[in-house]
Amino acid sequence: MTTMTLGKALNAGLRRAMKDDDRVVLLGEDIGTLGGVFRITDGLLDEFGAKRVIDTPLAESGIVGTAVGLAFRGYRPVVEIQFDGFIYPAFDQIVSQVAKLHYRTQGKVRMPITIRVPWAGGIGAAEHHSESPEAYFVHTAGLRVIAVSDPQDAYRCLRQAIACDDPVLFFEPKRLYHHKGEVDLDAPLADAPPMGLAKVVRAGTDATLITYGAMVRTALDAAAAAEDEGISLEVIDLRSLSPVDYETVTASVRRTGRVVVAHEASREAGVAAEVIASITEFCFEYLESAPVRVTGHDIPYPPAKLEKFHLPDLDRILDAVDRVLDRPSSISGMKGANL
Amino acid sequence: MSPHNTPIADTESDLELTERIIAPDGTRVPNPQLDPFVKDVDFQTLRDLHRDMVVLRRIDAEGVALQRQGQLGLWAPCNGQEAAQIGTGRALQRRDFVFPSYRETGVMYSRGAQPGDYVRMWRGEEGAAYDPADLGIAPLQIIIGAQTLHAVGYALGIQHDGADEVAVTYFGDGATSQGDVNEAMVFAASYRAPVVFVCQNNHWAISEPVGLQSQFPLAGRAPGFGIPSLRVDGNDVLACMAAMRWALEHARSGKGPAYLEAVTYRMGPHTTADDPKRYRSDAELEQWRRRDPIARLEAHLRAAGELPAEHLDAVQAQADEMAREMRAACLGLVTRPAMAVFDRVYAEPHSGLERERDEYAAYLATFEEA
């Protein structure tokens, strides 16, 4: 076991994947000499050379489209989109090409492309540098969507994403790049849990708190605070947003009967909506109260000084917990939850 | 003056500015730049090219007919562009790999497509009609210009592998306005990738004349990206072959990308769903009918006494046989069963989709029990 940051774990994961398979090539802006603006590709140019660590012109559609061509030739491209908000110029290539070519060709052409996205807010960044676009990709058939929250998962899931024969959108919470944890660098991938599994990161009995990405840390803090009030929260890190591991989710909900789903992304037609709809279909009879979403507001991502009013924090999560536990909360006295 | 009415969109002056070897009246004109690339082309090879173009035109006519008879959902005719597609397509090596748009029926033919390959997608049976690895050609691309980037990525792979291959991408004049095409040229030039860009300027992007896409000859843009280009008479099959051989040799020898603009004309509608009478004149069409690529090669061969009746008869028989096989392949296609819609969305199991599939199977089963 080695203690390292999530960012270093991703770096180690890339290095390991490149050593394991010489068809793995990296493409992105500033990933070579600079080592990436977040240094996730630090040292890889020196180690693997410019043919495998490719600094690209500044064109995101160009980067992803080029990766498609490399995949046609049997390569496993790993693309870095420099910031979440820069992925939109590549949206067409991702949705119309990367996601569909396997289906169109009935498996004759595979797209084992990993698209890494430094992701989400909470770091006081400039406009377009704090976006949470994951729902667009969850909605797109043919893609897998992963969102990591701790160094061990980052190391393992990135290697699994690269080894996967399907395209993977791989979301890396910028806010947690410096978050430290234990990583077993030598654990064989073959023994690891499958990439798509959720994880109960804290066991509890009164309500299930479901989230992913940087919000996992916030949720764990909320669960610790709730414990002081005698409330036992189970926290689930989804880790995979496509597919969602509903076995883990519903097993928890069947025990607690109460559900809060939290994410930074805005609410309307978001991941929380989908998860709650599915929970309601799969285990309605176990629900003791209406599930509640805690999300970013349905606003464009606000200026940095205002982001604390947008991002769900510990108190907003606990307020939602109070709601699902039928305790006094912000909606006490309101009829029909704001309607 | 309307912004459309520019020298670029003026089809008369257009062709005079292109490289050619065989003039519209069939006479051979010296071309010091291109002649060296087709020194080996004898009359038999020209007759082969003639055969290819006639068969292609028959495939195209059959596609239109099948659509009109309700057997295909759509067809994108390439009538008029036979020389551009056959000339460039026949210059390729087997090991080269093509990223086409949706109108490259002639390029498919030159790559050895089978009769059913032309119809499987347009009938709506399959998302892609053939195995790309078999034909050395990617699935037809409907998103305008998206395939140009794929060619550049594939070419990077060629470069990485140290292989003696070239990636080739075909696109139209409309596509040159797309960001992807311009990004592809930037990437190709930066990496000196072995890729050839073939722009078939057929003058119309549905109803929009080429002058709306560009106020400058399209081939003239490429040097600004650091890519050498040729503007070739796209209705002169020999010039297209020569220019393509130049471009391929350039890319194959490690000099980086090359760009061709084949100036041609889409004689038919954009697709069978289009009505070109709404946007272009009979006079323009007539002008281009006089530049027909097949008639031009026939005039050239006839003047040389190299177009025997037996050849014409054999070509016609081959074209008719191809059309017959294409029709039979089309009518013989069997639609896959309902559950096939779930096949191969992913290469590896996806629990969410498996659940949906199981639900749909259970739903369908209720009809069987009833």
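This is a short talk on the domains, the chain contact, one sheet and two helix pairs of a two-chain model.

Okay, let's start. The model is predicted, so to speak of local features we need pLDDT of at least 70, side-chain atom pairs count only at pLDDT 80 or more, and totals for chains, interfaces and linings use all residues. Residues are numbered from 1 along each chain as its sequence is written, while chains are lettered from A and ligands numbered from 1 in the order in which they are written.

Domains come next. Their bounds come from an automatic or database domain assignment. Chain A has domain 1 (2–191) and domain 2 (199–324). Taken over C-alpha atoms, the centres of these two domains of chain A are 26 Å apart. In chain A, 25 residues of domain 1 are in contact with 21 residues of domain 2. Contact here is a distance rule: the C-beta atoms, placed from the backbone, lie within 7 Å.

Which elements of domain 1 give two or more residues to that side? They are α6 (134–138), β6 (144–147), α7 (151–163) and β7 (168–173) of chain A. β6(A) gives the most, with four residues. A word on those names: helices (H or I, at least four residues) and strands (E, at least two) are DSSP runs, numbered from the N terminus. By class, this side of domain 1 of chain A has 14 nonpolar, six polar and five charged residues. Ala, Val, Leu, Ile, Met, Phe, Trp, Tyr, Cys and Pro count as nonpolar, Asp, Glu, Lys and Arg as charged, and the others, Gly among them, as polar.

Chain B is divided too. Its parts are domain 1 (11–335) and domain 2 (338–370). The C-alpha centres of these two domains of chain B lie 40 Å apart.

Now the two chains together. The contact takes 34 residues from chain B and 36 residues from chain A. On the chain B side, α5 (132–135), α6 (146–161), α7 (179–191) and α13 (351–369) each supply at least two residues. α6(B) gives the most, with ten residues. The chain B side has 18 nonpolar, ten polar and six charged residues.

Back to chain A, for a sheet. It is open, with five strands in the order β9-β11-β10-β13-β14 and mixed pairing. Strands pair if DSSP finds at least two bridges between them. β9 (199–202) and β14 (292–296) of chain A stand at the edges with a single partner strand each, so one side of each has no neighbour in the sheet. How do β10 (residues 207–211) and β11 (residues 233–237) of chain A run? They run parallel, joined by five bridges. A207(A) stands opposite L233(A) in β11(A).

Last, helix pairs. In chain A, α8 (residues 215–228) and α12 (residues 314–324) pack at about 60°, with axes 9 Å apart. Axes are lines fitted to C-alpha atoms, for helices over the stretch in contact, and angles run from 0 to 180 degrees between N-to-C directions. α8(A) and α12(A) are therefore oblique to each other. Under 35 degrees is roughly parallel, over 145 roughly antiparallel, 65 to 115 roughly perpendicular, and the rest oblique. Their contact residues divide into eight nonpolar, one polar and one charged.

In chain B, the axes of α3 (residues 82–89) and α9 (residues 237–252) come within 7 Å and cross at roughly 40°. That makes α3(B) oblique to α9(B). Among the residues that meet are A83(B) in α3(B) and V237(B) in α9(B).
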